Amino acid sequence: MTDSSLFAALRPRLFAIAYRMLGTRADADDVVQDAWLRWHGSDRAAVQAPEAWLVTIATRLAIDRLRARQSERSAYVGWWLPEPIVELDERTPESSAELASEVSMAFMWVLERLSPEERAAFLMRQVFEHEYADIADMLGKSEAACRQMVHRAQQRVQQQQPRFAVPREQHRALLGRFMAAAQNGDRAAMKNLLADDVQLVADGGGKVNSYLRVLHGAGRVAGSFWSLEHQYPQQVIYRQARINGEPGLLRYVGGKLESAQSFLIDNDRIVAVFIVRNPDKLLGVPQTISPVA
């Protein structure tokens, strides 16, 4: 295998690491490109384990970039959500290594609560199944310190995970019922599908109007969907899509894309809604759809 073909084979894994660390395609692509430049400029004959070498480089580059991004995100208007990876057809081969394991919007939302090194240690251990010795070498820390970081991160993640795993078909079916209720402006039907303590997080990035606080409660969340349909009667259209590997919705208003929406399901109820409205994060999604006649 040539140096170029070896890197090409590892590219999906490097992108998977970088996206989970950084939450945007552009930043992930930049990390992969930087890793390639370092690989291209290295003494490859001296690299005994190319995959480990490239994973270490990509992880360190992602940590550095995330640290640089944190100051920008602290000044971000409202809540910051990752750029969604959207697939319109589950039969397409788009679901490559970056979606092979947990990367849901809810999971990425929890990762945002971790420090860059905690995030890296947790991902390397829990998602990519690296040994602690390898993680310690990547991060330049002791194995004991890495174990402690992973343990703390795991506790935070578990607090935010649903108690009961929901099969994909059940998830899709529940979402279909919610979509129909939202499109019909049926507030009562929406409330019946929402947990009492449901929360809604929206990301407009200051580019479009959006909630600057997290909405809590079935009434308020259902009301937010109802109010949009009430404001634009017969102009709000939903389309099911796979978002970050899970069933989600695209919402169009007046034929134009308004948001990408992800849902966390627990015990046959929606417990969290994540709405990305920042147009900069929706550039890879079809921007128009035919409005209802």
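Which helices are included in what covers the buried residues of H6? Among them are helix H3 (50–74), helix H5 (116–127) and helix H7 (143–160), where helices are DSSP runs (H or I, at least four residues) numbered from the N terminus. The model is predicted, with local features requiring pLDDT of at least 70 and side-chain atom pairs counting only at pLDDT 80 or more, whereas totals for chains, interfaces and linings use all residues. Residues are numbered from 1 along each chain as its sequence is written, and side-chain values use heavy atoms, without hydrogens and water.

Helix H6 spans residues 132–139, and its buried residues are Tyr 132, Ile 135, Ala 136, Met 138 and Leu 139; buried denotes under 20% relative accessible area (1.4 Å probe, protein chains only). These residues lie on the same side of H6 because they cover an arc of only 160° around the axis, the arc being that of the directions from the helix axis to the C-beta atoms. Just after H6, Gly 140 adopts a positive phi of about 70°.

Two of the covering helices, H3 and H5, also pack against each other. Their axes come within 9 Å and cross at roughly 145°; axes are lines fitted to C-alpha atoms over the stretch in contact, and angles run from 0 to 180 degrees between N-to-C directions. In this contact (heavy atoms within 4.5 Å), H3 contributes Val 55, Thr 59, Ile 63, Leu 66, Arg 67 and Gln 70, while H5 contributes Pro 116, Glu 117, Arg 119, Ala 120 and Met 124.

How values were computed. Buried means under 20% relative accessible area, exposed over 50%, partly exposed in between (1.4 Å probe, protein chains only).
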